[in-house]
Each structure stands twice: as C-alpha cells, then as structure tokens.
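User: I'm new to this one and would like to walk through it bit by bit. Can I throw some questions at you?

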Amino acid sequence: MTAAAAPATRAPPLAAHLPWYVAATLVAATSAKVGIIWDISWHRSIGRDTFWTPAHAAIYLGGVLAGLACGWLVLRTSFTGTAEQRAATVGFWGFRGPLGAWVCIWGAFAMITSAPFDNWWHNAYGLDVKVLSPPHVILALGIWAIQLGSFFLVLSLQNRSPAERAPRLYGLLAAYVIGILLQNAATIGIEQIGFPNVAHNAVYYEVAAGVVPILLVAGGRAVRLRWPATTAALVYMAFSLVMIWILQLAPATPKLAPVFNPVTHMVPPPFPLLLVIPALAIDLVMRRVGPGRDWLLSALVGLAFLAVFFVTQWFFTEFLLSPHSHNFLFGVDHWDYSSRPGPWRYRFWRAETDPVTPRALVITALLAVLSARLGLGWGNWMARLRR
Amino acid sequence: MKVRGLRLGALVGIALVASAHVGSPDTYFEGAAGAYPVRVIVRNPGVVPGLAQITVRLLAPRAIQRVLVLPVYWDPRTAAPPPPDVAAPVPGDSTLYSAALWLMSAGSYSVRVTVEGDAGTGTTLVPVMAVATRRLALEKSLGAALVALGAFLCVGALTIVGAAVRESGLEPGAEPDRRRTLRSRIAILLGAVVLALALLGGRAWWNAVDAAYRSGLYQPLHATATVRATATGSVLRFAIDDSSWVNRQRQWTPLIPDHGHLMHLFLVRAGGLDAFAHLHPLPLDSTTFETALPPLPAGTYRLYADIVHESGFTQTLVTRADIDAPSTVWHATDPDDAWLAESRQPSAVRHQQVVRLADGSTMTWNRGDAPIVVDRDAPLTFLVQTPDGKPATLEPYMGMAAHAMITRDDGAVFVHLHPAGTISVTAQETFLVRQPGDTVRGELGKRLATMEMGSGERGAVASGEVSFPYAFPQSGHYRLWIQVRHNHRIQTGVFDAEVSSAR
C-alpha cells in the first residue's frame with residue numbers, strides 16, 4: 001500500500017506547480033458551492049428568483065469553467081499532447097485525459113442536461129414545489145462531479161510526486177476540496193444536521209455519523225498532510241463562516257408571500273458543525289493505527305468520531321440557542337421570511353418524538369464505523385490515483 | 001431554480017378544466033382604479049405555484065407615474081403579502097403595462113391594481129383563481145434531447161468507471177494488464193446494474209410526482225341534475241354530490257349569493273344550441289337546489305352552474321340532464337329566470353348581426369369586419385334599439401347592465417360575462433370587506449348579506465350599448481346569448497361567432 005501518512009522528517013518539498021486546468025476546476029468547484037449556499041440564502045430571504053440571479057450565475061460559472069477547461073485539456077492532449085502528457089491520462093472513446101477531467105466534463109454535461117429538464121419541470125409541476133426533484137438531483141450530481149473531478153486532479157498531482165517531497169500545496173488543495181464536499185453534506189442535510197435546534201435528536205447523530213466520517217477518513221488516508229482531516233474540517237468551517245459573515249451584510253427584501261418574518265438582510269446558513277474537534281480525534285487515531293488494519297481502524301475512528309462529535313455538538317448547540325450566540329460572529333437566529341417568529345426558535349425541536357436513546361446511539365455507532373470503513377476504502381483507492 | 005416564461009404559446013398541454021368558467025382560464029376585468037378606467041387581463045399559468053402574466057391597460061389618456069400590482073391570498077391567516085411589483089410599460093404601447101404575478105398557493109386571490117398619476121392614486125381589486133388546470137406533456141423534441149443527453153451521461157459514467165478501474169492507478173505510461181482489464185469490465189457491469197436501479201428509481205419517483213400532480217388538478221365540484229314532473233310543472237333538481245363538498249374534507253368555504261342568487265344555472269341544449277335558459281334554483285339544503293323548469297323543448301341539455309364561495313373562489317359546475325317532454329306549466333321560481341328556444345335555422349343565426357328581440361326591439365352586434373381571433377380582444381359590443389330605432393334604456397338585470405353567455409358548440413368552452421369581465425363582482429366584494437379577523441367560516445358571508453352589496457352597475461344604461469372585455473380562448477364555432485332588461489322584461493339576443501386560430 002502506498003504510504004499516505006507523511007514521515008516526521010523529510011526532504012524539502014518540491015516546488016508546487018499547479019496546472020491551469022486544475023486551478024480552473026478548483027475555482028469552478030468553489031464557484032458552484034458558493035452559488036448553492038447563496039441560492040439557498042436567496043430562497044430564504046427574497047423568495048422569488050429568475051434564471052439569471054447572481055447565485056445561479058455562480059453555479060453556471062462552475063459548470064462552464066470546469067467543462068470548458070477540461071474539454072480543452074482533453075482535446076489538446078488527445079490531438080497535440082506530448083507522449084509525457086498522454087501517459088498521465090486515461091482513455092475515453094479514443095480521447096485521452098486525466099480521470100478528474102473526465103469526471104468534470106461529465107458533471108458539466110449533467111448540469112447542461114438538468115437545465116431544460118428543470119425548466120420543463122417548473123412549467124409542468126409548478127415553481128420549485130419541492131427542492132428535491134429529479135432535475136435538481138441531476139444538477140446536484142453534476143456539481144458533485146465537478147468537485148470530485150477537481151479532487152481527483154489534485155490527488156493525481158500529489159500522488160505522482162515523490163512521497164516524501166510532495167508539495168504541501170497539493171495536500172492543502174485536496175483538503176480544501178474535502179471541505180467543499182463536507183459543505184455539500186451540510187447543504188443536503190440542512191434539515192437533519194443544519195439547525196442547532198435538532199441537535200438533541202437521534203437523526204442528527206445518525207445522519208452526521210453516516211456522512212461525515214467517510215469524507216474525513218478518506219481524506220485522512222489519501223491526503224498527504226500531517227493533519228488532513230483537521231485541515232479539511234477547518235476549511236469546511238471557514239467556508240461556512242465566510243459565507244455567514246458576508247451574507248449577513250447584504251440587504252434583502254422578501255418578494256414572495258407569505259411574509260411573516262420581514263427580513264432585511266440575506267439569511268445566512270446555519271453555524272457549521274464544530275467538526276474540527278472530531279476531525280482532530282480522527283487524525284490522532286489514524287496516526288497511531290496505520291494502514292493494513294482497516295477494520296480495526298474503522299471501529300476506532302468511528303467510535304472516536306461519535307464520542308467527540310456527540311459531546312461537542314450536544315453542548316455547543318445549547319450555546320447556539322442561547323442569547324450569547326445571537327450576534328454577527330455566530331450568525332444564528334436568522335430565519336426565513338416565511339417563518340412565523342416565536343419561542344420555537346430557541347428550543348430543541350422534536351426532542352420528545354426523536355430522542356437520543358441507547359438504541360439510537362448503537363445504530364449511530366454502527367453507521368459511524370461503516371462510514372469510516374467506506375472512507376478508508378475510498379481513501380485507499382484515491383491514494384493510488386496517478387492519472 | 002430557474003424561472004422562465006411559463007406561458008409558452010407552443011405548449012402541448014392536456015387542457016382539463018378552467019376555474020370559474022369552462023375552458024376559459026384567463027381573467028378579464030374592466031373597471032375603474034380610482035379615477036383611472038382600466039382593463040386588466042390575467043393569464044392563468046395552469047400550474048400552482050406559477051407565474052401569471054398580468055397586463056393593465058389604461059382606457060383613458062392620463063399622465064401615469066406607475067402601475068403597481070400585488071396578488072393577495074384570500075385567507076387572512078396566511079395572507080402576508082410582500083411589497084407590490086411595479087408593472088413595466090410595454091414598449092410601443094403607451095397605455096399598456098405588464099408584470100408577472102407569483103401565485104404560490106392554490107385558491108382565491110385578489111390582485112390589487114394601483115395606478116398612480118395626475119389624478120392621484122386609484123386602486124381596484126381583481127379576483128383571480130389560482131388553480132392547476134393542465135398537465136404539460138413532454139414535447140417530442142425536448143424528450144428526444146433529454147433521452148440523448150441521458151444516454152450520453154449513462155454511457156459516459158460507465159466509461160469513466162471502467163477507465164478509473166483500468167488505468168487511473170497505473171504509473172504514467174504503464175499499460176493495463178489483463179487482470180485490470182477484467183476488473184474494469186466487472187466494474188462496468190456492476191456500475192450498469194447500479195445505474196439501471198437508479199434509473200428505475202428515478203422513473204418511479206417521476207411517476208409518483210406526476211400522479212400526485214394529476215390528482216391535485218382542479219376539478220369543479222361534481223354535480224348531477226334530474227328532471228321530474230309535478231302537478232305544477234317540471235322541476236329540475238341540481239345536487240352537488242361531490243364528497244369533498246358533502247363531507248367538507250377540503251374545507252370549502254360556504255356559498256354566498258352572487259347578484260342575489262346562490263346559484264346561476266344555465267341550460268344549453270346539446271347539439272343545436274337552440275334552446276337556452278338562465279335560471280336561479282333555490283337551495284333545499286347545502287347540497288340540493290331546485291327550480292321550476294321552463295317549457296324547453298325535449299332533449300339533452302348541458303348544465304353550467306356558477307357558484308361563489310365565501311373565499312371569493314368562483315367555479316362553474318358542469319353536468320347534463322335529459323328533458324323528455326316540454327313542461328306544460330311554468331311558474332318561474334325567480335323573477336330573474338329567463339329562457340329562449342331559438343326557432344330560426346342555424347344558418348340564419350350564423351351570419352346575423354341584428355336580431356329582433358321578443359318585444360320588437362333590436363340588438364345589433366357591432367363586430368366589425370375583422371376576423372375574431374383566439375386570445376385577441378374580441379369586439380363584443382352590442383347596441384339595443386327600440387322598434388323606432390332609438391337607443392333603448394337598459395335597466396340593471398341582477399345588478400348588471402347585461403349578461404353574456406358564450407359557449408363553443410362542443411361545450412368545451414362556457415363563460416358567463418358581464419361588462420366588468422369574467423370576474424364575479426361578489427367575489428370582488430368579498431375581498432373589499434374581508435378583515436384580518438375573518439377566520440370563521442360564514443362570518444364574512446353574513447356581513448356581506450347585511451351590507452346589501454352586490455352593487456355592480458346599478459344605474460340604467462341610456463345609450464343602449466353594452467360591451468364585454470373578453471378574448472376567445474380556443475378556435476371554433478361559438479354561440480352567444482346576450483341578456484338585457486328593457487321595459488321590465490328580460491330580452492335575449494342570440495348570435496354566432498367563428499373564431500380562428502392566431503397565425
């Protein structure tokens with residue numbers, strides 16, 4: 001197995017060279033993620049939208065940039081590429097390109113497919129009756145593909161570098177993309193793991209245990225940094241905080257009935273999960289138990305994650321519901337224009353109907369271990385990615 | 001997430017039913033916003049939530065600063081509207097303004113139209129029904145494009161999976177061995193199975209959404225009608241036997257009188273359209289209505305019953321009834337009841353522009369020479385003259401200067417118009433008097449009854465001329481019954497119209 005963890009002492013890293021197309025896909029992945037968070041805030045603050053809102057434009061930019069950059073790369077490599085350039089590619093119907101480029105191109109086509117489909121869907125069944133619809137799923141798959149493609153491109157750069165001298169930039173960029181992927185999980189699971197009001201529910205921990213370890217552990221295995229999971233978690237939190245701080249500054253007026261909560265500024269996303277603490281635990285466990293004992297590692301990592309995450313979130317969300325957190329820094333207590341203000345905002349929801357029971361904790365632990373094991377498998381594959 | 005013009009002219013839709021009226025989903029209104037006479041047209045998007053297109057035409061030359069439009073949902077518990085939208089002037093037409101209305105909930109809305117200009121600020125309310133009326137079919141070209149893109153995505157995804165397993169882990173320049181190639185093929189096979197399951201799941205999901213949408217399409221309350229002979233003549237019984245009305249599961253609000261009547265019932269003899277009646281059955285209870293049947297000729301009749309709910313929601317119930325033999329005696333249930341059996345040949349009606357009414361006066365349709373075209377303003381202006389050629393003074397007939405009933409020969413369209421348009425003036429009044437505390441069913445209806453509203457156009461029309469704002473929704477052959485009151489008698493003029501498709 002190719003070593004993932006970096007040795008304590010090593011030669012100076014090589015000078016980082018970031019190819020233009022990798023930079024383009026990283027910008028694309030970021031743009032699409034910013035667009036999604038912005039768009040959700042738009043729907044919670046203003047309500048109505050058009051095809052050309054700036055949030056939508058940021059999403060389209062992600063698709064266009066990644067698609068064009070990788071499309072051009074593939075054409076150039078296929079027809080005029082040097083033998084060296086072609087050697088670091090995989091084949092697709094006679095064309096040559098890095099695996100990440102193909103995934104990005106696929107994502108761009110998925111986004112293109114979703115556009116007319118979504119337009120027809122609105123005409124046929126109404127305007128965004130539900131966020132989760134088949135065309136939106138295709139759009140989401142396209143965005144994920146662009147982010148994953150960008151991840152693969154960075155990892156192949158990292159993995160082709162000598163193990164001891166891989167530029168640190170590659171590891172940082174790979175952790176950055178994991179941070180974006182964690183943002184995806186937060187976006188999709190906004191109802192289950194987004195609002196602090198649901199943090200005393202079983203489903204909160206079950207969903208988090210299912211989706212978070214797989215990403216952090218895969219990063220811990222594939223990304224060549226001393227603290228890969230911690231770095232990725234920091235990126236995830238920083239991404240959220242920057243969006244929270246910026247969005248709160250932008251004026252907004254609801255334009256769709258009913259308006260029960262007259263918001264004056266863009267509603268920011270919920271405060272992020274304090275993932276940096278369980279991620280630190282993951283990194284510590286993975287540094288002690290190296291590759292080769294993945295089932296044992298999965299059990300240890302899964303349980304460590306759950307224990308630290310549970311304690312952290314259980315009490316931290318109590319703080320988030322208290323008046324002490326109602327300020328610009330934390331950006332909480334901002335609600336949709338269509339929600340009726342009331343004391344429910346400062347309470348834990350469904351604590352009676354979905355309590356955290358011992359049985360729920362056992363299920364959560366199993367999910368965390370399984371998620372960690374899947375993360376290790378995925379991470380092992382990504383640690384071998386060369387093209 | 002994307003919103004584009006929802007009213008696409010070329011949409012291949014399955015047209016089902018309209019809201020109030022049949023096959024005529026758009027709202028036409030003519031009235032005054034303060035000092036500004038306006039004509040308002042609201043195009044129903046056919047889906048909810050959806051974007052309705054509204055146009056406001058200023059009918060008198062005035063210096064206008066801006067025109068504001070705002071849809072407000074009927075229920076005070078959920079109506080919390082955002083600021084109004086400014087309607088944009090339509091380029092090339094200085095009197096026309098347009099905007100899009102976001103109708104997010106199914107039900108009754110009032111669209112508040114505010115005109116600001118040199119005569120101050122004037123406002124009027126236009127009742128609009130937001131109902132899903134059609135399910136859009138997937139056009140062949142779009143379907144083919146989506147299938148092609150979907151196939152490309154599926155094959156592309158499998159190719160990427162194969163390439164990932166076969167080559168992505170190899171050092172640059174190395175060739176995949178047979179083992180990797182075999183594993184790649186297995187991965188493609190497994191990927192195909194997963195993809196097939198995902199596609200099947202997606203198909204089931206789409207079908208479920210479609211089925212739920214279809215079940216939510218607006219249908220007027222189901223009704224039946226029967227005719228029975230009695231010693232005092234034939235009696236027509238009209239029953240609303242829809243389970244959602246009988247059981248009140250859908251929380252329909254109670255009916256309120258429109259022009260003093262809970263129900264306006266129209267009978268049209270199927271086939272020849274040569275017999276017509278406008279009756280006002282009395283309620284026996286909340287579901288059953290009865291009226292004495294005029295001596296209409298035997299035959300099968302299409303029945304259209306206009307009702308108004310307390311919420312301002314108006315609907316036209318549709319059913320059929322057979323009349324085996326003409327009633328020999330008729331004591332009108334209501335003095336506003338009227339009927340007509342056309343004795344002329346259909347060909348004689350078809351090109352007639354001047355008809356002689358029962359009292360010897362005439363009704364002339366000033367239709368002009370231009371063809372009548374779908375979705376364009378129809379020239380529905382009629383002049384009633386006394387036998388000596390002078391303009392007849394028209395008395396209010398149920399609060400209105402005139403009533404026009406228009407149907408296509410196959411019954412696919414039926415609409416009941418007034419000079420104020422397709423709206424129910426009573427529905428408009430419900431919005432005018434509704435207060436935030438009106439959350440108890442029946443309260444507003446009681447208040448309306450005590451306020452003796454139903455004003456409409458109470459004054460007589462000395463010019464003898466009436467007009468109706470309307471555009472025919474579909475092409476075909478139509479019959480029009482124009483009813484006015486003159487010399488204390490209800491007069492009905494019958495006309496025909498050929499409506500052609502827009503080119």
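User: Let's start in chain B. In which sense do strand β22 and strand β24 of chain B pair, and over how many bridges?

Analyst: Keep in mind that this is a predicted model. Here β22 covers residues 362-365 of chain B and β24 covers residues 381-385. One of the partnerships puts M363(B) opposite V384(B) in β24(B). The sense is antiparallel, and the count is four bridges.

User: Which strands of chain B stand at the edges of that open sheet?

Analyst: The sheet has four strands, in the order β21-β22-β24-β27 of chain B, with antiparallel pairing. An edge strand here has a single partner, so one side of it is left without a neighbour in the sheet. That fits β21 (354-356) and β27 (465-467) of chain B.

User: And by what angle are neighbouring strands of this sheet turned against each other on average?

Analyst: Direction is ignored for this one. The average turn between neighbours is 20°.

User: Over to the two chains: which element gives the most to the side of chain B that touches chain A?

Analyst: In total, 47 residues of chain B are in contact with 47 residues of chain A. On the chain B side, β10 (134-136), α1 (140-166) and α2 (178-215) each supply at least two residues. By class, that side has 33 nonpolar, nine polar and five charged residues. With 13 residues, the top contributor is α1(B).

User: What covers the buried residues of α10(A)?

Analyst: Helix α10 of chain A runs over residues 276-288. Its buried residues include V276(A), I282(A) and M286(A). Among the elements covering the buried residues are three of chain A: α8 (202-222), α9 (228-249) and α11 (294-320).

Notes: Residues numbered from 1 in each chain as written. Chains lettered and ligands numbered in written order. Predicted model: local features only at pLDDT ≥ 70, side-chain atom pairs only at ≥ 80, totals over all residues. Pairing = 2+ DSSP bridges. Axes fitted to C-alpha atoms, helices over the stretch in contact; angles between N-to-C directions. Contact = placed C-beta atoms within 7 Å. Nonpolar A, V, L, I, M, F, W, Y, C, P; charged D, E, K, R; others polar. Expected span 1.5 Å × (residues − 1). Buried ≥ 20, exposed ≤ 12 C-beta atoms within 10 Å, placed from the backbone.
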